[in-house]
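Please find below my notes on the model you sent. They are set out as numbered points, to be read beside the structure.

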Amino acid sequence: ANTETEEAKLLSSAAQLQYGKAQKVLDEALLALSSARKALHQAQHDFFRCKGEREKAETKLKTVKDKRERASRLVRKRQHLLERVEAVGTDGDQSGDSSSGDSQEDMEEEETASRVDCALERTFRGHDCGVSSLALLQPDHFLSGSSDNTVKLWNFRSCQCVRTFRKHADSVSSIAVTPDGKKFVSASYDNPIQVWNLESAEDKCECSFRVHSGYVFSVAAIGNNWCITGGWDSTIRKWELDTGKCVRTFTGHERNVRSVAVVDEDRFISGSWDKTIKLWNTNTGQCIRTLTGHARRVSSVVAVGNSRCLSGSWDNAIKLWQLDSGECLQTFLGHTRGVSTIAALDDDRFISGSDDTSIKLWRLSSGSCLKTITGHSSTVYSLVPVGNDRFISGAWDKTIKLWNLRRSENNCREEEEAQNNNE
């Protein structure tokens, strides 16, 4: 019996040793997987950026050719009029005046078409990798999450990073601020959700809890005490922020959940790679309605009031939905690549960011694109309104930009230069 006991102990020790080795190999494999995934993401974005730059170059070349052709037509027209002047004298002079007027009208038309109405006020730099998420803190600050594993707190006026929050071991995918502005929640590909206290002088995580069996893609705050998260495991979960307790799990999506957004205290919406949008009851866990219509993965959802919502997809389209009936009210087309983010400015206007590097301003009532805004050199991943006519954008080019929809570029440039001189 003693011999068997000793043998059992030896076997147990050997098993523990093998388990430790296996755990070490697993940790190394997970670390290698994370590094490989980051390298893959970087390679994909580099590819899309190069492709986008080529498309931009081709567009510029086409524009130059069109202008050259237009100039040639004007030269031919002027030459024809000069020949008429020589032939008919005074009548030819009148025709020449008409030609001058036509040329002036053409130039004014071209100048109007090329005018940029949306002004860039500020550019914020400080992240080492792409910016994936933004959240507003009233009145003068905002937060940014990045693939460099950090969250940064910024001051609008100084363009300076005030604080940096470090805890995640992988890319920060989403951030959400509680309505009282005292806490924020950060989600990451490393899985644990981190809860931070903004009133604390220390940049330490207040609470941390593992939420899904895989990556966490999106987080949204429900009041000051709860949040919902969407993850790789196709589920949505509701959490108590103070304790990290999961109080409800929402199941129904067939693929990973990329975006969640709160409609009101009792309802929220989710968008998934299964091409659907779902409306949920926050308290009961019931799926109230499923909205279908996109041809590819849904990447972003946002509520418009408490009766409508918008969804963006890899099919390059944005759709406006009536939540009570599930009817698709409007489809917005204009982006040339997948739509990555949407934000509502007011009841009749919204903005969208895309993998085509552009930002578009839309009108809900007419379905028309009011403006196309360019300035980022890579995918625009996050948009957050700052009032009705300003917004911030975060992109994979590592920058955050503050835009003004009403002010001229010259005024913004002069103000920025004055601010820099004061600093």
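The points below go from the chain as a whole to single residues and pairs.

1. Overall make-up. This is a predicted model. The chain has 423 residues, and 44% of them are buried. Its secondary structure consists of 3 helices and 28 strands. The accessible surface comes to about 21900 Å², with carbon and sulfur atoms contributing 48% of that area. Of the contacts with a separation of 6 or more, 42% are between residues 24 or more positions apart.

2. Helix α1 and a nonpolar patch. Helix α1 covers residues 2-88, and L26 lies in it. L26 belongs to a nonpolar surface patch together with L30 and L33. The accessible area of these three residues together is about 280 Å². L26 has a relative accessible area of 43%, so it counts as partly exposed.

3. T123 and a distant stretch of the chain. T123 is in strand β1, which spans residues 119-125. Its relative accessibility is 18%, so T123 counts as buried, the cut-off being under 20%. Setting aside residues up to four places away in sequence, T123 touches T399, I400 and K401. With K401 there is also a polar contact between side chains, at 3.3 Å. The C-alpha atom of T123 is 9.1 Å from that of W403, although 280 residues along the chain separate the two.

4. S188. Which residues does S188 contact beyond its neighbours within four places in sequence? They are H168, D170, S171, V172, S173 and V216. S188 itself is in strand β7 (residues 183-188) and is buried, with a relative accessibility of 0%. Two polar distances deserve a look. A polar atom of the S188 side chain lies 2.8 Å from the backbone oxygen of S171. The side chain of S188 also makes a polar contact of 3.1 Å with the side chain of D190.

5. Salt bridge D242 to K183. Side chains of opposite charge can pair when their charged atoms come close. The structure holds 11 salt bridges. One of them is between the side chains of D242 and K183, with an N to O distance of 2.8 Å. This pair links distant parts of the chain, since K183 is in strand β7 and D242 is in the loop between β12 (236-240) and β13 (245-250), 59 residues apart. The two partners should be described separately when burial is discussed. D242 is exposed at 51% relative accessibility, whereas K183 is buried at 15%.

6. Salt bridge R237 to D233. In this pair the closest N and O atoms are 3.4 Å apart. D233 has a relative accessible area of 18% and therefore counts as buried.

7. Salt bridge D355 to R337. The closest N and O atoms of D355 and R337 are 3.1 Å apart. D355 is in the loop between β23 (349-354) and β24 (359-363), and R337 is in the loop between β21 (328-333) and β22 (339-344), so the bridge ties together parts 18 residues apart in sequence. Is D355 buried or exposed? At 16% relative accessibility, D355 counts as buried. R337, with a relative accessible area of 22%, is partly exposed.

8. A salt-bridge network. D346, R349, D389 and R406 are joined into one network by salt bridges that share partners. I would describe these four residues as a group in the text.

9. The β16 and β17 hairpin. Strand β16 (residues 276-281) and strand β17 (residues 287-292) run antiparallel and are joined by 5 bridges. The two strands form a hairpin with 5 residues between them. Where is the residue with a positive phi of about 85 degrees? That residue is G285, which is in the turn. Across the strand pair, L279 stands opposite R289 in β17.

10. Points to keep together. Strand β7 appears twice above: S188 lies in it, and so does K183, the partner of D242. A figure of β7 could show the S188 to D190 side-chain contact along with the D242 to K183 salt bridge. A second figure could show T123 with T399, I400 and K401.

Conventions. Residues are numbered from 1 along each chain as its sequence is written. This is a predicted model: local features need pLDDT of at least 70, side-chain atom pairs count only at pLDDT 80 or more; totals for chains, interfaces and linings use all residues. Side-chain values use heavy atoms; hydrogens and water are left out. Patches are made of residues with over 30% relative accessible area and no salt bridge: like charges are joined within 9 Å, nonpolar side chains (Val, Leu, Ile, Met, Phe, Trp, Tyr) within 5 Å. Accessible areas come from the Shrake-Rupley method with a 1.4 Å probe; for residues, only the protein chains shown count as cover. Helices (H or I, at least four residues) and strands (E, at least two) are DSSP runs, numbered from the N terminus. Buried means under 20% relative accessible area, exposed over 50%, partly exposed in between (1.4 Å probe, protein chains only). Two strands pair if DSSP finds at least two bridges between them. A polar contact is a pair of N or O atoms within 3.5 Å; within protein, one must be able to donate a hydrogen and the other to accept it, and residues adjacent in sequence count only if both atoms are side-chain atoms. Contact means heavy atoms within 4.5 Å.
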